[in-house]
Amino acid sequence: MTPSVHPESSQQALRLAVSGDAAALESVARSWRGRIRRWAFFELGDSGLADDAAQDTLVNMIRFIHQYDPERPFGPWLRTITRNCCRKVHGHQVRHTHVE
């Protein structure tokens, strides 16, 4: 198992990711992937739904990284995206669950 870098200590990678550096963005995504998954599982309580929400979170992080302000903490910004993705996944699950 490789040691993980504490996500908050990677401000340079975040700055590079915001500026469009694909390698930095991949590094940021990899370093936060586990935490995103844990947040999603905590919100949803279901492993499969948490996986879906975590994947959606990573896609949205990549899509909206240009809106992140590197002067502010990254964790709360990403946690908000995670919560929104969990709500979306949960809502989809509720709408598509049929009671027989």
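This report walks through a predicted model of one protein chain, from its overall fold to a few individual residues.

**The overall picture**

The chain has four helices and zero strands, so in order from the N terminus the elements read α-α-α-α. Of its 100 residues, 35% are buried. Take the contacts between residues at least 6 apart in sequence, and 63% of them turn out to join residues at least 24 apart.

**How the helices pack**

Two packed helices are described by the angle between their axes and the distance between the axes. Here are the two pairs involving α2:

| Pair | Angle between axes | Distance between axes |
|---|---|---|
| α1 (residues 11-18) and α2 | about 130 degrees | 7 Å |
| α2 and α3 (residues 47-64) | about 140 degrees | 8 Å |

Start with α1 against α2. The two helices are oblique to each other, and α1 passes α2 in a left-handed crossing. On the α1 side the contact is made by Ala-13, Leu-14, Leu-16 and Ala-17, which meet Ala-24, Leu-25 and Val-28 of α2. By residue type, that contact breaks down into seven nonpolar, no polar and no charged.

Now for α2 against α3. Here the crossing is right-handed. From α2, the residues taking part include Leu-25, Val-28, Arg-33, Ile-36, Arg-37 and Phe-41, while the α3 side includes Asp-51, Thr-57, Leu-58, Met-61 and Ile-62. The residues of this contact divide into 14 nonpolar, two polar and three charged. Leu-25 and Val-28 turn up in the α1 contact and also in the α3 contact.

**Trp-39 and Thr-82**

What is Trp-39 in contact with, once its neighbours within four places in sequence are left aside? The partners are Trp-32, Gly-75, Leu-78, Arg-79 and Thr-82. Trp-39 itself sits in α2, which spans residues 22-44. With a relative accessible area of 18%, Trp-39 falls under the 20% cut-off and so counts as buried.

Thr-82 belongs to α4, residues 74-95. Is Thr-82 buried or exposed? Its relative accessibility is 0%, so Thr-82 counts as buried. Trp-39 and Thr-82 are 43 residues apart along the chain, yet their C-alpha atoms are separated by 7.3 Å. Setting aside the sequence neighbours within four places, Thr-82 is in contact with Ile-36, Trp-39, Ala-40 and Thr-57. Three of those names have a second role: Ile-36 and Ala-40 in α2, and Thr-57 in α3, also take part in the contact of α2 with α3.

**The cysteines**

A disulfide is a covalent bond between the sulfur atoms of two cysteines. How many disulfides does the model have? The count comes to zero. Cys-85 is in no disulfide, and its nearest cysteine sulfur, that of Cys-86, is 7.2 Å away. Why does that pair not count? Because a disulfide needs the sulfur atoms within 2.5 Å, and these two are 7.2 Å apart. Cys-86 is likewise in no disulfide, with the sulfur of Cys-85 as its nearest.

Accessibility is the other thing to check for this pair. Cys-85 is buried, with a relative accessible area of 3%. Cys-86 counts as buried too, at 2% relative accessibility.

Notes: Residues numbered from 1 in each chain as written. Predicted model: local features only at pLDDT ≥ 70, side-chain atom pairs only at ≥ 80, totals over all residues. Heavy atoms only, no water. Buried < 20%, exposed > 50% of the residue type's maximum accessible area, 1.4 Å probe, protein only. Contact = heavy atoms within 4.5 Å. Axes fitted to C-alpha atoms, helices over the stretch in contact; angles between N-to-C directions. Parallel < 35°, antiparallel > 145°, perpendicular 65-115°, else oblique. Left-handed = near helix turned anticlockwise from the far one by under 90°. Nonpolar A, V, L, I, M, F, W, Y, C, P; charged D, E, K, R; others polar.
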